[in-house]
Amino acid sequence: MAFGGVRGLGPRWELPRGAVALFLLLLSAAATPEPPGAACSQNTNRTCEECLRNVSCLWCHTNKACLDYPVSRILPPSSLCKLSSARWGVCWVNFEALIITLSVVGGAVLLAVAVCCCCCCCRRKKSRKPDKSEEKMAREREERRIRQEERRAEMKSRHDEIRKKYGLFKEENPYARFENN
């Protein structure tokens, strides 16, 4: 019996614990924003955690600066802070690692979806038309049946000839007595 007590189920898809932890940390960081009046530059030369309490802030680890996240761009420009030292959401993941991790996970998901689609399509095509081996077996079966019928007819005619020869053929006797009842 398969793991989990159920037979026949496919593999279970689970997220890595690190990805779940990262998601929860980003969610908790987004849930507790600082008041809208607080500027990110007030948290410069403090800790990363204090800076990232405000979701619109970006922490640059090299110069310990808390900056406003450039919302007009997806990634912060290198003139503002290098990707390897920029933090957003959580302090222990930099943008460079985050980009690499997300691209690998996204690529793996896309590859898995593509493989599943190809497998499903191949199975469907395979089930629509019969296999060549099945067709060949059906042809051979039909040929054997026809040969068997020919042999049966041949044997029957031979047996009938032998019965005629020795007078064992069962046909109406022209000399049978008439019975009047």
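## Salt bridges in helix 4

Arg145 and Glu142 join their side chains in a salt bridge, with N and O 2.3 Å apart. A salt bridge is a side-chain nitrogen of Lys or Arg within 4 Å of a carboxyl oxygen of Asp or Glu. The structure is a predicted model, in which local features need pLDDT of at least 70 and side-chain atom pairs count only at pLDDT 80 or more, while totals for chains, interfaces and linings use all residues. Residues are numbered from 1 along each chain as its sequence is written, and side-chain values use heavy atoms, with hydrogens and water left out.

Arg145 and Glu142 are three residues apart in helix 4, so about one helical turn separates them. Arg145 is partly exposed, at a relative accessible area of 40%, and Glu142 is also partly exposed, at 36%. Here buried means under 20% relative accessible area, exposed means over 50%, and partly exposed lies in between (1.4 Å probe, protein chains only). Glu142 and Arg145 also belong to a network of salt bridges that takes in Glu149.

A further salt bridge in helix 4 links Glu154 with Arg158, where the closest N and O atoms are 3.1 Å apart. Glu154 and Arg158 are four residues apart, which again puts about one helical turn between them. Glu154 is partly exposed, with a relative accessible area of 46%, and Arg158 is partly exposed as well, with 43%.

Asp160 and Lys156 form another salt bridge, at 3.6 Å from N to O. Four residues lie from one to the other in helix 4, so Asp160 and Lys156 are separated by about one helical turn. Lys156 is exposed, with a relative accessible area of 53%. In the whole model, the count comes to six salt bridges.

## A patch of positive charge

Four arginines, Arg141, Arg144, Arg147 and Arg151, gather on the surface in a patch of positive charge. One of them, Arg141, lies in helix 4, which covers residues 132-165. Residues of a patch have over 30% relative accessible area and no salt bridge; like charges are joined within 9 Å, and nonpolar side chains (Val, Leu, Ile, Met, Phe, Trp, Tyr) within 5 Å. Lys and Arg count as positive and Asp and Glu as negative, with His and the chain ends not counted. Each charge is placed at NZ of Lys, CZ of Arg, CG of Asp or CD of Glu. The areas come from the Shrake-Rupley method with a 1.4 Å probe, and for residues only the protein chains shown count as cover.

## The sheet

Three strands make an open sheet in the order 2-1-3, with antiparallel pairing. Strand 2 (65-68) and strand 3 (86-87) are at the edges and have a single partner strand each, so one side of each has no neighbour in the sheet. Two strands pair if DSSP finds at least two bridges between them.

Strand 1 (residues 57-60) runs antiparallel to strand 2, and four bridges join them. Leu58 has Leu67 of strand 2 as its bridge partner, and Cys60 has Ala65. On the other side of the pairing, strand 1 and strand 3 are antiparallel and share two bridges. There, Cys60 stands opposite Ala86 of strand 3.

Which way do the side chains of strand 1 point? Cys57 and Trp59 point one way and Leu58 and Cys60 the other way, and all are buried. In a regular strand the side chains alternate between the two faces of the sheet.

## Two residues with positive phi

Strand 1 and strand 2 form a hairpin with four residues between them. Lys64 sits in this turn and has a positive phi of about 50°. Lys64 is a residue other than glycine, and it is partly exposed, with a relative accessible area of 43%.

Asn45, another residue other than glycine, also has a positive phi, near 65°. Asn45 is placed in the loop between helix 1 (17-31) and helix 2 (48-51). At 62% relative accessibility, Asn45 counts as exposed.

## The chain as a whole

The chain holds four helices and three strands. Along the sequence they follow the pattern α-α-β-β-β-α-α. Helices (H or I, at least four residues) and strands (E, at least two) are DSSP runs, numbered from the N terminus. Of the 181 residues in the chain, 17% are buried.
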